[in-house]
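Reader: Please take me through one part of this predicted model in close detail. I would like the side-chain contacts, and then the strands and the helix around them.

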Amino acid sequence: MKDIQCFAYNDGAIQLVGIVDDYSSFTFERSYSGIGEWQVVISGYSHNADYFTRADFIKAGDGVAGLITKRTITHNETEYTITINGVELKGLAQKRIITPTEGQAYLHYRACPEAVIEGIITTQLLAPSNAKRKIAGAIVRDGIESAKITYDGRFQNAAEEITRLCEAYQIGWYADIENGTIKWYVYHGVDRSASQSTNNRFIISFDYDTLVGGNYACSLYAVNTALVAGQGIGVGRTIVMLGDENSALGRAEVYVDARDLEDASLLPQRGKEKLAEYGSENVFEITPAQNTPYRVEYDLGDIGTFKEQNVDFRLCSITEVYENDNFTLDFVFGYDANTLAGAMKRITSNTDALLRGE
C-alpha cells in the first residue's frame, strides 16, 4: 500500500500530522487541465484514521497532493468506516474569485496564456493585495510559451478561469507540497506520439500488450465551427469564422457573442476558447497494461498514439487506484464536455457573458 502523508495548515506553515498505510482503498485522479478528485476509505477502528480529522492536505507521491473537502462516518452493527474525500491540491484555486488590482476594473494581461495563469495564481492566492486572501506558496513555469493572448478577468472563479485557459491552449497545472510549502506548476506534456522521433513513443495497443480494455466515445456532431460576432449593428457587425474548413455533416456550428471586445483582432481568440469548452471530438477511457513504467516512460499530459484507431491524443486524466494491495491505472484521452458538468460550465459561461452586457 502507498503511504499517505497527512498535513495541517497553520498560519502559513504546513506541518506533518502523520502517515497512513492501513486504509482499505485509495483512488486519486490527476487531471492535466482540470481538477481531479480523490477518496480514501479506512476503518474507523484504525488509530491512523484520526490523522485525517486533524489534517487539511494529503500527499501520496510527487504531484499527488490533495485538499480534504469532506469526511463521512458510517457506523452501524456491521460496519465502521470513515470515508475522506477531496480534490487535487490545486483545488485551492476554487476558493478564490478573480479580484482586479485596486483601482482597476479588470485583471488585465496581454501575455502568453502560461503567464496569465501564473498571474491569476499569484494575484489571487500567493500575493493578493488583501492579506486575508493569501495562501502561502511559490510558482514555477517550464519556460514554454504559447502565442500571446489578451485576458480580462473580473469576479469569475479562479480555478474555472485557469481550467478554461488550460483546455483551450493545451496547458497543464498542478500544486504539490515540497519542503513545507505549496509549490504550483504550470507545464506542458511531452509529445510521445508515433509520428515523432525525438522522445520515447507511448503507443496504446492490444498488439503491443499495452492495453487491457476500455471505452471509446466518438461524438459524430461535435461542435467544431464558431461564428464569432464582434461589435457593430446588423450587416455592419464584425464577423469572424473559425473552423470554416469543415463542411456538410462534418460541420457543427456555434454562435459566439463577443460584442464586449472593442479590438476585433481578439475575436479568433474568443472563438478558440469557446470551442474548447465543447471538449474533444473523440474521448478514450482505457485501462492500460502495467508493463510500461508509469511516470518513467509516460506521464500525465503526454501525447500518445492509440494504434487501433490510428489517432494521437493527449493524456488528460490518470486515476491511481490502490485497493487490496493491488495497484491499477485508468486513463482518459481527450476532454469529454458531453457531461452535466461540461454543460453547466458552458451555461455559466454564457450567463456570465450576458451579465457583462455582451
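Author: Glu-178 is partly exposed, because its relative accessibility is 23% and partly exposed covers the range between under 20% and over 50%. Its salt-bridge partner is Lys-183, at 3.6 Å from N to O. Lys-183 is partly exposed too, with a relative accessible area of 22%. Side chains of opposite charge can pair when their charged atoms come close. The structure holds 17 salt bridges, counted over the model.

Now the strands. Glu-178 falls within the range of S11, residues 172-178. Lys-183 falls within that of strand S12, residues 181-187. S11 and S12 run antiparallel, and seven bridges join them. Among the bridge partners are Gly-172 and, in S12, Tyr-187. Strands of a sheet pair through backbone hydrogen bonds, either parallel or antiparallel.

These two strands belong to an open sheet of three, in the order S9-S12-S11. The pairing in the sheet is mixed. Its edges are S9 (138-141) and S11, each paired on one side only. Neighbouring strands are turned by 20 degrees against each other on average, direction ignored.

Next, the aromatic side chains. There are 15 aromatic pairs in the structure. One is formed by Trp-173 and Trp-184: the ring centres are 6.3 Å apart and the planes stand at 15 degrees, so the pair is stacked. Stacked requires planes under 30 degrees apart. Trp-173 sits in S11 and Trp-184 in S12, so the pair ties together parts eleven residues apart in sequence. Trp-173 counts as buried, at 1% relative accessibility. Trp-184 is likewise buried, at 1%.

Tyr-174 and Tyr-187 make an aromatic pair as well, this one edge-to-face. Their centres lie 5.6 Å apart, with 80 degrees between the planes. This pair links S11, through Tyr-174, to S12, through Tyr-187, across 13 residues. Tyr-174 is partly exposed, at 23% relative accessibility. Tyr-187 is buried because its relative accessible area is 16%, and the cut-off for buried is under 20%. Tyr-187 is also the residue that bridges to Gly-172.

What lies across the sheet? Helix H2, residues 113-126, lies across S9, S11 and S12. H2 runs at about 175 degrees to S9. The helix has 14 residues and reaches 18 Å from first C-alpha to last, close to the 20 Å expected. H2 is mostly covered, with eleven of its 14 residues buried. Among the buried ones are Val-116, Ile-117, Ile-120, Ile-121, Leu-125 and Leu-126. Glu-114 and Gln-124 are buried in H2 as well. The cover includes S9, S11 and S12. It also includes strand S8 (107-111), strand S10 (149-153) and helix H3 (158-169).

Elsewhere in the chain, some other side-chain contacts can be set beside these. Glu-253 and Arg-251 meet in a salt bridge at 2.7 Å, N to O. Glu-253 counts as exposed, at 55% relative accessibility. Arg-251 is partly exposed, at 21%. Asp-299 and Arg-295 form a salt bridge, their closest N and O atoms being 3.4 Å apart. Arg-295 is partly exposed, at 32%. Arg-30 joins Arg-295 and Asp-299 in a network of salt bridges. One aromatic cluster includes Tyr-23, Phe-26, Phe-28, Phe-202 and Tyr-294.

How values were computed: Residues are numbered from 1 along each chain as its sequence is written. This is a predicted model: local features need pLDDT of at least 70, side-chain atom pairs count only at pLDDT 80 or more; totals for chains, interfaces and linings use all residues. Side-chain values use heavy atoms; hydrogens and water are left out. Two strands pair if DSSP finds at least two bridges between them. Helices (H or I, at least four residues) and strands (E, at least two) are DSSP runs, numbered from the N terminus. Axes are lines fitted to C-alpha atoms, for helices over the stretch in contact, and angles run from 0 to 180 degrees between N-to-C directions. Contact means heavy atoms within 4.5 Å. The expected span of a helix is 1.5 Å times one less than its number of residues. Buried means under 20% relative accessible area, exposed over 50%, partly exposed in between (1.4 Å probe, protein chains only). Rings of Phe, Tyr and Trp (its six-membered ring) pair if their centres lie within 6.5 Å; planes under 30 degrees apart count as stacked, over 60 as edge-to-face and the rest as tilted. A salt bridge is a side-chain nitrogen of Lys or Arg within 4 Å of a carboxyl oxygen of Asp or Glu.
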